[in-house]
Amino acid sequence: MNPIQAGSFLTLHYRLSGPDGADIVNTFDDKPATLSLGAGQLSPAIEARLIGLPEGAHERFELAAGEAFGDHNPELLQRVKLSLLRQLGDPDEVYSVGDVVQFPGPDGQGGYAGVVRELGDEALLFDFNHPLAGQPVSFEVQVIGVL
């Protein structure tokens, strides 16, 4: 049996749940996932827990607050002017607290998302932290295959 190592190609079922126990991702009731370890599909902390697991392993890991997706960074709370939002996107868009808004990357390649946390007359407060930043999470994995 091949143990998981850096760069391994994996077939697995996994479940990621937040602090309230609710599933965020769950492949156990559907097709298994395939991924390449180290390609950024899982957080580095989760990938580190997978290293050394053999095919057939079924494990559950508890990751402390901030371990899986970093600490909540108050500097990633940013006000964005409505005029800029209208310039970058739909000028008639109506925003609500909790909306996820996609922003283009500075080089035009890729992008990033922010969650509306507060509405204002001239600007909106966005949180650009990962939604699970600063939160404890549970990760359950069943390793099906390792290449």
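This is a short walk through the fold of one protein chain, taken from a predicted model.

Okay, let's start with the overall layout. DSSP gives us 2 helices and 9 strands in the protein chain. If you read along the sequence, the order goes β-β-β-α-β-β-α-β-β-β-β. Now, the radius of gyration is 19 Å, and the globule rule gives 15 Å for 147 residues, so this chain is more spread out than a compact globule. You can get a feel for that from the box around the C-alpha atoms, roughly 60 × 30 × 30 Å along the principal axes.

A few bulk numbers while we're here. Of the 147 residues, 36% count as buried. The accessible surface is about 8,800 Å², and carbon and sulfur atoms own 51% of that. For contacts, take pairs at least 6 apart in sequence: 61% of those join residues at least 24 apart. And on charges, there are 8 positive and 21 negative side chains, yet the centres of the two sets lie 2 Å apart.

Right, on to the strands. Which strands does S1 pair with? Let's go one by one. S1, residues 9-17, runs antiparallel to S3, residues 33-36, with 4 bridges between them. Leu-12 sits opposite Ala-33 there. S1 also pairs with S9, residues 137-146, again in the antiparallel sense, over 8 bridges. In that pairing, look for Thr-11 across from Gly-145. Then there's S2, residues 23-26, joined to S1 by 3 bridges and running antiparallel. Arg-15 has Asn-26 as its bridge partner in S2. S1 and S2 make a hairpin with 5 residues between the strands, and Gly-21 takes a positive phi near 85° in that hairpin.

The other piece I'd like you to look at is S6, residues 100-104. In a regular strand, side chains alternate between the two faces of the sheet. Here's how that plays out: Val-101 and Phe-103 point to one face and are buried. Val-100, Gln-102 and Pro-104 point to the other face, and they aren't buried.

So what does S6 pair with? That would be S7, residues 111-119, antiparallel over 5 bridges. Val-101, one of those buried side chains, has Gly-114 in S7 as its bridge partner. These two strands form a hairpin as well, with 6 residues between them. In the turn, Gly-108 has a positive phi of about 80°.

That's it from me, happy to rotate the model if anyone wants another look.

Key
Residues numbered from 1 in each chain as written. Predicted model: local features only at pLDDT ≥ 70, side-chain atom pairs only at ≥ 80, totals over all residues. Heavy atoms only, no water. Rg over C-alpha atoms; globule rule 2.2 N^0.38 Å. Buried < 20%, exposed > 50% of the residue type's maximum accessible area, 1.4 Å probe, protein only. Contact = heavy atoms within 4.5 Å. Areas by Shrake-Rupley, 256 points an atom, 1.4 Å probe, with all protein chains shown as cover. Lys, Arg positive; Asp, Glu negative; His and termini not counted. Charge placed at Lys NZ, Arg CZ, Asp CG, Glu CD. Pairing = 2+ DSSP bridges.
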